[in-house]
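Visitor: I am new to this structure and would like a close look at a single part. Please take me through the annotated binding site, residue by residue where you can.

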Amino acid sequence: MVILNQIGEARTALLELIEQSDNIVAFTGAGISTECGVPDFRSKDSPWMRYKPIEFNLFLSDVLMREEAWRRKFALDDIYSMAQPGRGHYALANLVQQGKISAIITQNIDNLHQMSGVDDEHIIELHGNGTYATCLSCGLRHELANVRHDFETTGAAPECRSCGGPVKSATISFGQSMPEEAMQRAHDVTRACDLFLAIGSSLVVYPAAAFPLLAAQNNARLVILNGEATPLDSEADLILRGDIGDILEPFSS
Ligand SMILES: [Zn+2]
C-alpha cells in the first residue's frame, strides 16, 4: 500500500495505472459531489440529518409519514436541485467515452454521472436516484415536477396515476432492501475489472463497501481516492489522499 498526498505524484501514478488497464470500474460516493453543491449525506451538518430518517415500513404503512417524507424531499430539492457535475464526474465520463471505464457503480442519488454525459447502461445506482419517483406497486415512473404540483395543490401523499399505489422517490430508504438487479450488475462488473477506483466514499456502508474488497480479492488493482482514511486502505494498492476534483481535473478534458 502506497499513500500519495502530493497532487502531481498522485496524478502520475493514477495515469500510469489507467494506461495499464483494459477494464476499469469506478465506484463513487458523496465525496465526488461535494464540489457540486450536494451536501454529504452523512456529514454532521447535512440537512438529511436534521430529522430521524423515515423507515421504509413506516412510509408504506402510514399516510402521514408519506406526506412528511414528500415535504422533506421537496425542501431538500430546493437546496441541491441546481447541482451540476464536477471535475470528477467529467473525468469519469471521459474515461467511459475512451472505453477505459466499463461501469460506474455509485452510492449517490444525485444523477450527476448521467448529467456529465454517461449513458445509463454504464451506471449502476446502488441507492437509487432522487431525481424521479416510482410507484411502489407497479413500478411506473413519475416525474417529480408533476408529483410536486399535485402534492402542493392537494397536500395529499401522491398516488400512482395508473394503479393508485403509493409513489416514492426512486431512492433506497432506510429499511428498504437493496435493488437486486443493480447489486448483481455491480457484482459482475467488479469481478470482470482489472482496476477498481473507489472515489469519494468513506467505504463504511455495507453491502456497498463490499465491492472494492471483492475487486481486490479478485486480483484487480485497487485505488482509493478519498479525502480521509478508509477502513479498506490496507487492501489498496494505491491510496490517493486529497481533493478529488483537483486530482482528477487533468483527466476531464
Ligand atoms: Zn402504480
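Guide: C160 has a relative accessible area of 5%, under the 20% cut-off, so C160 is buried. This is a predicted model, and C160 is a good place to enter the site. C160 sits in the loop between α6 (144-154) and β7 (167-171). According to the unreviewed UniProt entry, the annotation "binding site" covers C160 together with C135, C138 and C163. These four residues span 29 residues in sequence, yet no two of their C-alpha atoms are more than 8.5 Å apart, so they gather at one spot. One of the set, C135, also belongs to the lining of the second largest pocket.

The contacts of C160 come next. Leaving aside residues up to four places away in sequence, C160 touches two other cysteines of the annotation, C135 and C138, as well as L140, H142, G165 and V167.

C135 lies elsewhere in the chain, in strand β5 (residues 128-135). With a relative accessibility of 3%, C135 counts as buried. Again leaving aside residues up to four places away in sequence, C135 is in contact with C160 and C163 from the annotated set. Its other contacts are L140, H142, G165, P166 and V167. Set beside each other, the two lists have L140, H142, G165 and V167 in common.

To sum up, the record's annotation takes in C135, C138, C160 and C163. Of these, C135 comes from a strand, while C160 comes from a loop. C135 is buried, and C160 is buried as well.

Key:
Residues are numbered from 1 along each chain as its sequence is written. This is a predicted model: local features need pLDDT of at least 70, side-chain atom pairs count only at pLDDT 80 or more; totals for chains, interfaces and linings use all residues. Side-chain values use heavy atoms; hydrogens and water are left out. UniProt positions are given in the numbering used here, feature names are shortened, and annotations may be inferred rather than shown by experiment. On a 1 Å grid over the protein atoms alone, a cavity is a set of points where a 1.4 Å probe fits but cannot get out, and a pocket is an open set with protein on both sides within 12 Å along at least five of seven lines; lining residues have an atom within 4 Å of a point. Helices (H or I, at least four residues) and strands (E, at least two) are DSSP runs, numbered from the N terminus. Buried means under 20% relative accessible area, exposed over 50%, partly exposed in between (1.4 Å probe, protein chains only). Contact means heavy atoms within 4.5 Å.
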